[in-house]
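Trainee: I'd like to practise reading a structure from its core outwards. Could we go through one together?

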2 protein chains.
Amino acid sequence: MSEFYRETSSLENKAELWFTENHTPNVRFSIRVDTHLISKKSPFQQIDIFTTPEFGKILVLDGYLMLTEKDEFIYHEMVTHVPMAVNPDIKNVLVIGGGDGGTVKQLVKYDTIEKITLVEIDKLVVDLCREYIPAVASELSDKRVSLKFEDGLKFVRQTTEKFDLIIVDSTDPFGPGEGLFTKEFYGNCCKALSDNGIFVNQHESVFYSEYANAMKKAHSKIKEFFPYSLCYQSHIPTYPSGHWLFGFASKVFDPRRDLQFGKWENLNIKTKYYNTTLHLGAFALPQYVRDTLR
Amino acid sequence: MSEFYRETSSLENKAELWFTENHTPNVRFSIRVDTHLISKKSPFQQIDIFTTPEFGKILVLDGYLMLTEKDEFIYHEMVTHVPMAVNPDIKNVLVIGGGDGGTVKQLVKYDTIEKITLVEIDKLVVDLCREYIPAVASELSDKRVSLKFEDGLKFVRQTTEKFDLIIVDSTDPFGPGEGLFTKEFYGNCCKALSDNGIFVNQHESVFYSEYANAMKKAHSKIKEFFPYSLCYQSHIPTYPSGHWLFGFASKVFDPRRDLQFGKWENLNIKTKYYNTTLHLGAFALPQYVRDTLR
């Protein structure tokens with residue numbers, strides 16, 4: 001679904017290199033590339049890392065842009081600080097996916113978190129991100145982090161541990177991440193959560209119809225397991241449509257009513273996207289998104 | 001800053017046509033095109049209209065994408081319903097720019113609005129939008145609408161009329177719209193407003209540094225004239241970064257405190273993006289945007 005092509009610029013007389021992703025068959029997003037740092041095939045997917053003048057280093061899996069150094073903070077702050085500000089007493093966290101380390105980088109800002117288990121199916125993603133994108137991946141070495149290279153679907157099926165927070169930092173609902181959008185997975189996550197546990201997952205976008213249908217289904221599946229199940233949004237410039245949704249599900253917490261303003265502010269966590277005012281605003285969805293999810 | 005190119009697809013053996021806009025020198029956004037409906041040069045700018053499979057008809061001025069039929073509702077609802085929900089008694093409205101008719105299409109939903117003056121510098125934009133994009137432009141024929149084809153900067157310098165709402169639906173801060181980002185213009189708008197008047201303008205995006213600097217300057221200029229001057233945001237998939245800002249300025253209204261929930265809901269205005277919950281959320285800006293504007 002992507003192409004890397006060189007073209008000759010008549011102005012500069014220099015070969016140009018661009019990474020292009022098709023957001024739909026009729027929409028393309030392209031980023032100028034300085035160098036193609038690494039290209040490897042794991043048993044699970046094709047992994048490419050580029051350096052770019054606009055976005056710093058970018059990670060591409062199977063041709064899909066996963067993160068850029070310039071805007072990764074938006075996604076990773078929104079999957080972590082939203083649940084942490086609802087329950088700042090979270091101690092035991094499970095991250096499914098997230099081999100780039102961006103989610104862990106935000107979690108380790110909380111001294112109160114005691115244990116982070118990261119279950120990533122593809123060890124090569126972790127190895128390459130550590131080597132080539134240390135600004136994002138380096139906190140994977142924090143001593144509270146335990147890395148497990150296995151299938152997240154199988155992990156939650158078998159685990160007897162109870163987590164206060166499960167973050168599904170997955171790829172799209174096709175390819176290696178497909179199982180992370182099934183009813184079985186959501187049910188097992190529900191079981192693996194403590195009574196006041198929180199489940200957060202990436203929910204794609206609903207602007208383009210290809211994604212909208214997958215997310216409608218995913219959202220209604222999650223709703224069967226959790227009394228509180230809401231979507232919230234963020235602006236991620238490099239993702240399709242730029243309007244990205246996350247799911248927040250819990251047996252006890254309403255993420256708007258139960259936001260711990262003062263407690264979170266007192267932690268003095270430094271953020272570039274998240275703040276407690278934005279926390280509430282993120283749950284205020286456009287009318288067409290509300291109508292699609294209903 | 002844009003290019004229309006044809007390429008031969010080896011799969012379908014059919015020439016492909018794409019419209020491409022450079023969001024920065026290092027980022028490109030491309031839309032597949034079915035037909036190039038019309039291409040004309042006015043004394044002010046180059047005007048192109050295309051039909052596209054993903055976005056319907058799209059309007060391009062001087063190579064920059066101005067609107068698509070698929071997502072124009074987001075921009076146009078946000079510049080109109082936000083001020084209308086703060087003061088539903090608005091009767092006399094001035095629109096500067098907006099020759100495509102999208103802003104007027106939202107305004108005419110209010111029976112209570114008595115007069116809409118649209119000041120568009122380029123008559124050809126209005127003529128071509130009426131002919132080729134009637135789904136957006138047709139309400140320009142509403143009998144409350146008075147069209148004036150002149151420079152908005154000159155119009156507000158000379159007018160003796162008082163408006164309850166001025167909406168600046170302009171192009172970017174370069175080219176024909178440049179004067180609409182000056183201190184003189186903001187001062188004259190302030191004078192042309194009734195005591196409880198509201199001034200709304202498009203504020204671009206701050207994600208890419210090219211736009212951020214222009215907007216920082218514009219925002220600080222507006223602040224000199226109005227006790228209340230805030231930015232609010234929306235997700236516009238086809239604009240650079242997808243994260244688009246608007247300015248709300250008034251001598252008396254705080255757009256969050258003074259939102260007339262009940263009064264607006266009672267009007268039963270049908271919207272696809274705006275709702276009163278989102279109204280408040282739109283003012284909850286990401287931390288990096290707050291920091292940039294400060």
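Trainee: Which residues does B:Ile166 touch, not counting residues up to four places away in sequence?

Mentor: Keep in mind that this is a predicted model. In soluble globular proteins, nonpolar side chains tend to be buried together. Here, B:Ile166 touches B:Leu94, B:Ile96, B:Cys189, B:Ala192, B:Leu193 and B:Phe199.

Trainee: How many residues does the largest nonpolar core have?

Mentor: That core has 170 residues. Those with the most contacts inside it include B:Ile166, along with A:Ile166, A:Leu59 and B:Leu59.

Trainee: Now the sheet: what is its strand order in chain A?

Mentor: Read a sheet from edge to edge. This open sheet of 7 strands runs 10-9-8-11-12-14-13 in chain A, with mixed pairing. Strand 10 (145-148) and strand 13 (228-235) of chain A are the edges, each pairing on one side only. Neighbouring strands are turned by 15° against each other on average, direction ignored.

Trainee: Which helix packs on that sheet?

Mentor: Helix 1 (residues 72-86) of chain A does, touching strands 11, 12, 13 and 14 of chain A. Its direction makes about 160° with that of strand 12 of chain A. Strand 12 is joined to strand 14 of chain A by 5 bridges, and the two run antiparallel. One bridge pairs A:Asn201 with A:Gly247 in strand 14 of chain A.

Trainee: Where are the domains of chain A?

Mentor: Domain 1 spans 2-66 and domain 2 spans 72-293 in chain A. Their C-alpha centres lie 26 Å apart. The contact takes 18 residues from domain 1 and 17 residues from domain 2 of chain A. On the domain 1 side, these divide into 11 nonpolar, 4 polar and 3 charged.

Technical notes: Residues are numbered from 1 along each chain as its sequence is written. Chains are lettered from A and ligands numbered from 1 in the order in which they are written. This is a predicted model: local features need pLDDT of at least 70, side-chain atom pairs count only at pLDDT 80 or more; totals for chains, interfaces and linings use all residues. Two strands pair if DSSP finds at least two bridges between them. Helices (H or I, at least four residues) and strands (E, at least two) are DSSP runs, numbered from the N terminus. Axes are lines fitted to C-alpha atoms, for helices over the stretch in contact, and angles run from 0 to 180 degrees between N-to-C directions. Two residues are in contact if their C-beta atoms, placed from the backbone, lie within 7 Å. A nonpolar core is a set of buried Ala, Val, Leu, Ile, Met, Phe, Trp, Tyr and Cys residues joined through C-beta atoms within 7 Å. A residue is buried if 20 or more other C-beta atoms lie within 10 Å of its own, exposed if 12 or fewer, and partly exposed in between; C-beta atoms are placed from the backbone. Domain bounds come from an automatic or database domain assignment. Ala, Val, Leu, Ile, Met, Phe, Trp, Tyr, Cys and Pro count as nonpolar, Asp, Glu, Lys and Arg as charged, and the others, Gly among them, as polar.
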